[in-house]
4 protein chains.
Amino acid sequence: MLRMGVIGYGYWGPNIVRNFYSVAGSQVTMVCDMNQQILKKVKNTYQQINVTSDIDELIKNTEVDAIAIATPVCTHYELASKAIEEGKSVFLEKPFTYTVAEAEDLVEKAARKNLKLMVDHTFLYTGAVRKIRQLIDDDVLGKIYYFDSTRVNLGLFQHDVNVVWDLAPHDISIMDYVIDEKPQAVVATGVGHFDRGLEDIAYLTFYYDNNIIAHINVNWLSPVKVRTTLIGGSKKMLVWNDIEPDEKIKVYDKGVQIKSKEGKYNLLVDYRWGDMWAPKVEQTEALRLMAEKFVGYVTNGDSIVNDGMAGLNNVRMLVAANKSLNHKGAVVYI
Amino acid sequence: MLRMGVIGYGYWGPNIVRNFYSVAGSQVTMVCDMNQQILKKVKNTYQQINVTSDIDELIKNTEVDAIAIATPVCTHYELASKAIEEGKSVFLEKPFTYTVAEAEDLVEKAARKNLKLMVDHTFLYTGAVRKIRQLIDDDVLGKIYYFDSTRVNLGLFQHDVNVVWDLAPHDISIMDYVIDEKPQAVVATGVGHFDRGLEDIAYLTFYYDNNIIAHINVNWLSPVKVRTTLIGGSKKMLVWNDIEPDEKIKVYDKGVQIKSKEGKYNLLVDYRWGDMWAPKVEQTEALRLMAEKFVGYVTNGDSIVNDGMAGLNNVRMLVAANKSLNHKGAVVYI
Amino acid sequence: MLRMGVIGYGYWGPNIVRNFYSVAGSQVTMVCDMNQQILKKVKNTYQQINVTSDIDELIKNTEVDAIAIATPVCTHYELASKAIEEGKSVFLEKPFTYTVAEAEDLVEKAARKNLKLMVDHTFLYTGAVRKIRQLIDDDVLGKIYYFDSTRVNLGLFQHDVNVVWDLAPHDISIMDYVIDEKPQAVVATGVGHFDRGLEDIAYLTFYYDNNIIAHINVNWLSPVKVRTTLIGGSKKMLVWNDIEPDEKIKVYDKGVQIKSKEGKYNLLVDYRWGDMWAPKVEQTEALRLMAEKFVGYVTNGDSIVNDGMAGLNNVRMLVAANKSLNHKGAVVYI
Amino acid sequence: MLRMGVIGYGYWGPNIVRNFYSVAGSQVTMVCDMNQQILKKVKNTYQQINVTSDIDELIKNTEVDAIAIATPVCTHYELASKAIEEGKSVFLEKPFTYTVAEAEDLVEKAARKNLKLMVDHTFLYTGAVRKIRQLIDDDVLGKIYYFDSTRVNLGLFQHDVNVVWDLAPHDISIMDYVIDEKPQAVVATGVGHFDRGLEDIAYLTFYYDNNIIAHINVNWLSPVKVRTTLIGGSKKMLVWNDIEPDEKIKVYDKGVQIKSKEGKYNLLVDYRWGDMWAPKVEQTEALRLMAEKFVGYVTNGDSIVNDGMAGLNNVRMLVAANKSLNHKGAVVYI
């Protein structure tokens, strides 16, 4: 039985507690939050869970084997470092850390102590993303041409980070999971509208080898919610619309083949227009599945797709994107 | 009666002929195309129209007052120059020209001879774009925050130009028409997949003063057709979905106001979620309306929104975008 | 403080308990269910609530002021009668009862004892239905022409009732609430496909005075979920799509006016095509609002829209519809 | 070369002329219309076609082999009879005739003279309906459970017929084509709102053997255009949305199997939720294909699916439906 301590019970913390509380193989021993009101709420919902507002009490608690951290990103490094020091494996909310150095250090520290790090890239555990990964593994899509993701909404403005740090970790984690190559460079543009120096709209382009390109459109100022990803391949193309309750993924038997160019005006292009197919997508709660995987990862060393290295990669791309953003779109090599 | 000569009867030419043939105040005297089969087709459909494969025969024809040019962009400058030389006003297919110098020279030549130039920015004459312009004129949207346009499809690959030259003139002409400011700089990213050195996917960001940003996503390799533009303003936000047969424009009474920041974690943000409203949009054929405007422009000097200067601006932005594209997204000032 | 007892903790019971547990002015004292496993679950979730599998223990409990019944319809009459006998007001799951006689008797019994009856017509408390009622009250729609509701899905087959008893109570309650007249007659057609004598598809037409017509399409065998209601009026028409997360209600400024008929072939018809408008719809949980109303109804005698008479009317229409259904669509006067 | 005469050049006539004019194997010799303005328009568009306002001149014309009739239904019988008398095969607009006796007489007369009758059930030649027929032929859907069609719009009010005669011929022809059985009885309800005695809304239920049921919802007073047909089968279910530009047909691997009923409350139901699949649908113009088929039918005796018998069947169902409608939904056996 993996005994979890959870730090932070704000927006996402309750979901983490609920899932680690209910999956087989783990229990939640203690929750820590600064806010006493919130601690009362925890106590009301889960009588068996101890609560504290003293972080050390939780981190040093001998009845806590592993720690989930669901606090603002600026606190991640310090809290995770302490936890590792105390010999606890760590489940970290995304984004993993705020700098590459922090991320590298956490990965190294955990490795040295033979502890486990998992970053909460929830989407990787959704039925939709797992289905996309499977379609790529089965070579249904063929060679990948592009990945184009739009994640816009009248979003919750964050007090401390821009829209890239808030929303793009999702898209980057998915992109990183489904594309086998690693990006070479990023170009990011964007702007903020409210005198805070924080962008509320941003556009990220990642360049890969082999002419693969990935684009991410994140926006807190959209009147409509859009969560759509297009992935084009040489054999098939797919559209993932995460807002659709059913038929989230549609695979199109469409494509283009440029055969030859006979003379100046005779471009021979074959367009393929075939059937569309919407494979069934599993509906299990992603966070629940991820909690189960964390248990297996920590207790049995099972392999996972969102370990510390995945978190580090994600941060690397976020940092590079923000560097480009700060220079109005200058190319930044990763 | 304005007597039109039309050069080029390929994809778009027939629409130009049909409209100048049928609107009051103009007639089509002659059509020129290289292809004899096509000329026969013209003759079958319109007995009164003379046909020729000799460009000079059309341009120098004294029964031709003005010339519409619907040929590939690489020929625009030469044909339009000749027409101006012969004292004919010119209606030019988009994109206006392939270089800024060509565009400037045409504008200057036409001005010197007191002739008129119109560029076929068809979308400016659609009910949807005219409605958007009106909403901005009436200050319904408030201060503009952003313009974000997606124009993707399994598109017709062009033999001579990339996707930016093919599709972006539409979005740039619309953006240029509805945003009152002029862009300062552009960042363009993209890639081609078929060993021709021509991009089939591109992403353009235009930076304006006052934190306005415009983004254009053009893609010939999408399995689905998307033609959606979001425009965010301080008072209202709108979504224009050009694929919808009705309700093309939806105006959302949604918005964000950041009131103050009390302490580190207390960002006071007001979110406004109100009604949505889809104003009726006129369904007149845009090209017909444009043909009427061309007649009024040439014969009465009526003002229009798509004159040679508009064409020149459009080319300036296309050229800048392609320059940025060639440098992987380097910022190019316009 | 209104102390509630809840009988039945199957599909809908947990929602009833959760809401009466949390709204101001009520608490849940006891839950009764036949299934011991389920009672354990209740106890785990709500330590303060007593549980029993003995119905009489709940009904006669002096710490229970009012009783919510969420059991199959065939048990409603008996349980509600007992509760009334013991002096308890009753909240009954829909459908109210299985016969008109039962419904009439309950209404009479409750009146005699000055007790309150509420039937769970949840939809009447949704933001959407309340907005529709308001649009009619404000004469936005004008004279009502028709009400056309489709409620289809790959539905949960019920063991004891047909699709009319399962789904149509919703539509009938809404129709009864938004149309001011009462229906004169019903024609119902339908069929079952699984040798149980229970229809899984049915179509109901209700005839009203003044040429108002209402139609209900219910189907457990649809591959797609549809929950759409069209309401046509002389001034405006609306579409309520309950599956849409936002923009559930769209009001169309569309209409027809037949002016005169000049000669055989000259029907003068005016078609009005104007704007569309999607008023903001409140998102509060309907059941929560209904629980609050039940408290006010029982404790202060506040007026409600879903009292015993509403339940009786609903049953009357259901019974008439089923009678018509049994005769392949014969007209049944209500 | 089949030489066609066309009577009626109103709403649909121009499409008939255009197609018979352009398909191989037929030409249009003469067009007849009462309206001189319209005849001028014909002459302007097609110089080779003779025009007349004298019906006899067309019907008796020895340069006319077959006659297409696109006039109001009340004239169909007389015009078609005359044409048959003159030895001409006939292509008749839908609805075929206004009475069953007329339809039977036309079928008999044509048979006696060995002439051909085709009724314009255009939808049978669309890619969508042909695909549905193929899915049934290939036993993809399994045993058919139901057919449920909605065809509503802010429709063109007809001066002489109700919405059933105007719109339902389409749905009935499709239903008759895709369901192998013949309906036993019909129940139709509906109402008119404009003091003309003509229904503008109607609901038709057709009962078949084997528990198959078909339902048709036609409405001229809908603010939105809906053209959706659901077909449920034991193996698969499909939704045909004719408004979708692509993906008109979606086939769902969904279904229900009732295994057994163990005890009162234990209904064992298997729900199958699998993939969805949208087969490619041909985009050829249906009327063009039908014109080709008419040529083959008349000149080579090729078999067709919309001959006089199909027209007669369609009229039989329309007449029965209207009889039921006149009796508020009384069951009418066909």
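**Chain pairing and the sheet of chain B**

In this predicted model, 100% of the interface residues of chain C are also interface residues in chain D, so the two copies meet through the same surface. Superposition agrees with this description: a turn of 180°, with a shift of 0.0 Å along the axis, lays chain C on chain D with an RMSD of 0.0 Å. The two copies are therefore related as by a two-fold rotation axis. Among the residues of chain C, the one that comes closest to this rotation axis is Ala330(C), whose C-alpha lies at 2.7 Å.

The fold of chain B was examined next. Chain B contains an open sheet of six strands, paired in parallel and arranged in the order β3-β2-β1-β4-β5-β6. Two strands of chain B, β3 (50-52) and β6 (117-119), form the edges of the sheet, each pairing on one side only. From one strand to the next, the twist averages 20°.

Within this sheet, strand β1 (residues 2-7) and strand β2 (residues 26-32) of chain B run parallel and are joined by six bridges. In this pairing, Ile7(B) stands opposite Cys32(B), a residue of β2(B). Helix α1 of chain B, spanning residues 13-22, packs on the sheet. The contacts of α1(B) involve β1, β2 and β4 (66-69) of chain B, and the direction of the helix makes about 150° with that of β2(B). Strands β1 and β2 of chain B are thus joined to each other by bridges and are also touched by helix α1 of chain B.

Note on methods: Residues are numbered from 1 along each chain as its sequence is written. Chains are lettered from A and ligands numbered from 1 in the order in which they are written. This is a predicted model: local features need pLDDT of at least 70, side-chain atom pairs count only at pLDDT 80 or more; totals for chains, interfaces and linings use all residues. Two strands pair if DSSP finds at least two bridges between them. Helices (H or I, at least four residues) and strands (E, at least two) are DSSP runs, numbered from the N terminus. Axes are lines fitted to C-alpha atoms, for helices over the stretch in contact, and angles run from 0 to 180 degrees between N-to-C directions. Two residues are in contact if their C-beta atoms, placed from the backbone, lie within 7 Å. Copies are superposed by least squares on the C-alpha atoms of residues with pLDDT of at least 70 in both.
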